[in-house]
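Reader: Please take a close look at one part of this model, the place where the two chains meet. I would then like to see how a few single residues sit in their own chains.

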Amino acid sequence: MSTADDNEREVHGQETDADGGGHDSGTTVREGGGFVLLFFIIGFAASLVVGWLIFPNLLYSQKKQPFDFNHALHMGEVDNGCESCHFFREDGTYSGVPKLAQCVACHEDVQGDTQDETIFVEKYVSKKREVPWRVYSRQPDCVFFSHAAHVKMAKMDCVTCHGHIGESTSLPVYEENRLTGYSRDIEGHHLENLLCLKKNTADRMKMDDCAECHLEKTGRKTSVQTEKDGCFVCHK
Amino acid sequence: MKIDRRCFLSLGIGAAAGITLSPLPWKITDDLSIWTQNWPWTPVPPDGKTINKKSACQLCPGGCGIAVRRIDKRVVKIEGLKGHPVNDGGLCTLGLSAAQLLYSPFRIQAPVKKVNGKWRKISWDDALATITTKMTELREEGKAHTVAGIIGGERGTVSMLWQRLFKAYGSPNLMRNTSMEDAYSLVLQKTQGNRVLPGFDFENADFVLSFGSGLIDGWGSPVRMFRALGDMKNRQAKFVQVEPRLSNTAAKADQWLPIIPGTEALLALGLIHVILSESLYQVRFVEQHCEGFDNFKKMVLETYPPEQVAKATGIKVETIKELGREFARAKNPLAVCGRGQGLTPGSFQETAAVHVLNALTGNLGEKGGVLAMPAGPEYEEWPEVEPDDVAAEALQQKRLDGAGGDEFPDAGDLPTRLAQVINTGKGDGIQLLFISGANPVYTLPDTKAVQKALAAIPFKVSFATHMDESAEMADLILPNHCFLERYEDVPVAAGLTSPIVNLAVPVVKPMYNTKHVGDSIIAIAQALGDEIADAFSWENYKTCLKETLGDEKWEKLTEEGYWVDEEFKPVPWKEGFKSAATKFIFPDPARLNHPPVSASGDAKQFPLTLIACDSMRLAGGAVGSPPFLIKITPDSVLLKEDLVVEINPATAADLGLKEGAQAVLATPKGSGRVRVHLDHGIRPGLVAMARGLGHGAHDKYLAGKGLNTNAFIGPVDDPDSGYDAAWGISASLAKA
């Protein structure tokens, strides 16, 4: 590529000569060509480093959860899998992250000797304060999503969209997009995600991912219930 | 070889190329667009558990059941209660926006006392003690009767508690707001023998004749009326609207008769003339079940021939004759009155004439006719109050408003006369006034006079939930819970055809340091001691309510939200009436044979006539419109802060006014700047003004917008009953 580039510049120089321009100027171009090329490469390489490596790290701030939580440990204690704590209410709505009321039955007093447990009981349980969890899967408020339609009707697994969080022994670092305020889990962690490639459904949860899955499973990008395709199916 | 400008250009181009091939620009563009949708200052309602509660709307007398949706502790939506006998899932604009009243920043948040013109928070104990001390002093001075009260309604336990307190304490001066129900109830008493309420069977009527009633503008029970009128269209029942203005109701009618305002009674009598002279009445009813028919017939035939009625009403002779015939020949005809939403009682003459029109067609107690409804559901009886000597003596005093006195023996309450009585210095001055569930400074006609009268009362106590006009004038406020925060029974009349009581329950815990007005009354009574305390032996209002309703009703009400008397059956006229003679007694001809109540004012100075008009988009009563209602009020009613009055283009041409022009509206009671809207749907010579605007208090969305009709229109005592019969007033409109 660089050779072609040089040739082009040379040709250009010769044309200038033919037009009666000074011979020196042509030599200057040829002499300066090495630097021009070098600077181009430096600029090109540096911005690739900035764009691919530095920017993604700058874009996200690393935030800690109020205290750590062991999903695997709790899974061993409950009978009904994820739905033991992340349950559907009687009216079919989804409860999401458990409220303090669900935890106090067991955690009224400090269980075990971890520091996280102490923080939980002393800072939240005894003060009756809800834990301000950072939710990895939180979508913008204008997005309508029904857990019942996907879990109850389409019989989808929690793992499909949420990954293997249920088997984790500690919570991952919450990476918050400084611009949008949303978790990096929505946008994808890996470089291939940024290139619109992904391996697992759970790797990224943006609008195109909804559409992709719907297209794959149902043959069309519509809601299964309403069979309607349009902004207001999901954006309410 | 040297580094020059081109090298740096090359660096830039390289950087640009590199950046383009990196995710940076694309990611930033995407994130910025998401950022714009998620500005941190945009409020996002918190998610939570959905809870649905059944309760009752109390914002108008319509009696709708409501379903309140809460997310955790927050009310987010109010809808009509499905399956409710009144509204079955429907709800009006006011009910739908009621959550804005609950969360209004103008809620009164704690008991307050006015000190040097400023509100100061006080404790409940101090607030209640201030009242009881004052009441005890007045009783000791022999001035128990100078304690007065203005309350919202007659029925329901809160109203019963007020009546009980006044009886036990010893004051006859408890007044409640009046409406067309009072005029109807008086006519039913005079003709059928007991003071009941009217029920109108629109669902089975095949010819409805309305004398200015805004059947879809908020008359009766609004949601039921929407349904009933829609249903009438499907059944092809005929509907005739008699009204000087093309209101929404008139626009939906099969026939609209733009009558000269105030002459509705004459038209009714003219129609009676047609029916009598052509023998179109129900003969068996007249022969077997009536008294005083001959005198009545003679009076009508002599005084109200269609030719004369036509001249007075502005409706053609042929039209009157045809309408009379058509009405009498219909299978289930029904005539109703009560102007607009029926907020003003109206004259005895008009109500009686319309009732007789119904009676002559034989529709009383029949399918599609007028039914006599009990004044409320049957409650468990309270032990009779035994007024002590002081109270017994004080109760002998005449009522200040003249109701039940020599001049107006038939009237129950006449709050519209109160201002005039106080301002002319008649009777012992009121020393203490309670205002509960009412906003007299806004709703009583002749605002200036009412303000003057209230200013003359040394101590006023308000039980308001919001800082309304009357609360602003009070000296002490004991704030009641908002209707979504309290228990209360809501007996419904509103022209329904079966007795219904709803139960309002607290759908949320009280947000502020407020107290149920029922609890305040019980606390005051118990602090007054002796016989008064004995009459209030309940622990609190909830106990009182539960005991009064009885276990069976309470259980049904807490479960369903409403209770309907399934056993109620209307008594058809063939089975006789409750009067001593068990007959229908035709009204005394002298009470009908006089010119109708006219608009007051000098015709030269005020050549036009001002009428008030009601709409579903504005709350015209004690409850101020929430912001949503102001949003849906059209520019032809309210343009920014300016009230827009409606006039006929012919009137506008005479006055030299164009669409949107500014003008000064003046009546004998007041004047103000308005804008004009030209409309062919109003009789020339009239000025129509929307009710429900011109609040001086409430929030910034309502205060200072438009003008209050009551500041322009004064009360007119009906010569036969004393009830306010004003339907308008003389006015002038001039270019500003």
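Author: What follows starts at the contact between the chains and then moves to each chain and to three residues.

The model is predicted. In it, 32 residues of chain A are in contact with 34 residues of chain B. About 2,900 Å² is buried between chain A and chain B, and carbon and sulfur atoms give 69% of that area.

The polar side of the interface can be listed briefly. Chain A and chain B share three salt bridges. A salt bridge joins the side chains of A:Glu187 and B:Lys27, with 3.0 Å from N to O. Eleven residue pairs are in polar contact across the interface of chain A and chain B, with both residues at pLDDT 80 or more. On the side of chain A that touches chain B, helix α2 of chain A (residues 23-59) gives the largest share, with 16 residues. Sorted by class, this side of chain A holds 18 nonpolar residues, eight charged residues and six polar residues.

Next comes chain A taken alone. Chain A contains eleven helices and two strands. Along the sequence, these elements of chain A run in the order α-α-β-α-α-α-α-α-β-α-α-α-α. Chain A has 236 residues, and 25% of them are buried. Of the contacts in chain A between residues at least 6 apart in sequence, 59% join residues at least 24 apart.

A:Glu175 is a residue to inspect in chain A. A:Glu175 belongs to strand β2 (residues 174-177) of chain A. Is A:Glu175 buried or exposed? A:Glu175 has a relative accessible area of 12%, and the limit for a buried residue is under 20%, so A:Glu175 counts as buried. With neighbours within four places in sequence left aside, A:Glu175 is in contact with A:Tyr60, A:Ser61 and A:Gln62. The other contacts of A:Glu175 on that basis are A:Tyr182, A:Ser183, A:Arg184 and A:His189.

Chain B is described by its domains. The domain assignment of chain B gives domain 1 as residues 5-37 and domain 4 as residues 608-735. Domain 2 of chain B is made of 119-180, 377-484 and 514-541, while domain 3 of chain B is made of 202-368 and 582-592. Taken over C-alpha atoms, the centres of domain 1 and domain 4 of chain B are 62 Å apart.

Two residues of chain B complete the account. B:Gln349 sits in helix α15 (residues 348-360) of chain B. Its relative accessibility is 1%, and B:Gln349 therefore counts as buried. A polar atom of the side chain of B:Gln349 lies 2.7 Å from the backbone oxygen of B:His594. B:His594 is also among the contacts of B:Gln349 beyond four places in sequence. Those contacts further include B:Ala265, B:Leu269, B:Tyr304, B:Arg591, B:Leu592, B:Pro595, B:Pro596 and B:Asp720.

B:Pro684 lies in the loop of chain B between β26 (670-678) and β27 (686-690). The relative accessible area of B:Pro684 is 51%, and exposed means over 50%, so B:Pro684 counts as exposed. Not counting residues up to four places away in sequence, B:Pro684 touches B:Asn648 and B:Thr651. From C-alpha to C-alpha, B:Pro684 is 45 Å from B:Gly83 in space, and the two are 601 residues apart in sequence.

Note on methods:
Residues numbered from 1 in each chain as written. Chains lettered and ligands numbered in written order. Predicted model: local features only at pLDDT ≥ 70, side-chain atom pairs only at ≥ 80, totals over all residues. Heavy atoms only, no water. Contact = heavy atoms within 4.5 Å. Buried area = accessible area lost by both parts, 1.4 Å probe. Salt bridge = Lys/Arg side-chain N within 4 Å of Asp/Glu carboxyl O. Polar contact = N/O pair within 3.5 Å; in protein donor to acceptor, adjacent residues only side chain to side chain. Helix = DSSP H or I, 4+ residues; strand = E, 2+ residues; numbered from the N terminus. Nonpolar A, V, L, I, M, F, W, Y, C, P; charged D, E, K, R; others polar. Domains from an automatic or database assignment. Buried < 20%, exposed > 50% of the residue type's maximum accessible area, 1.4 Å probe, protein only.
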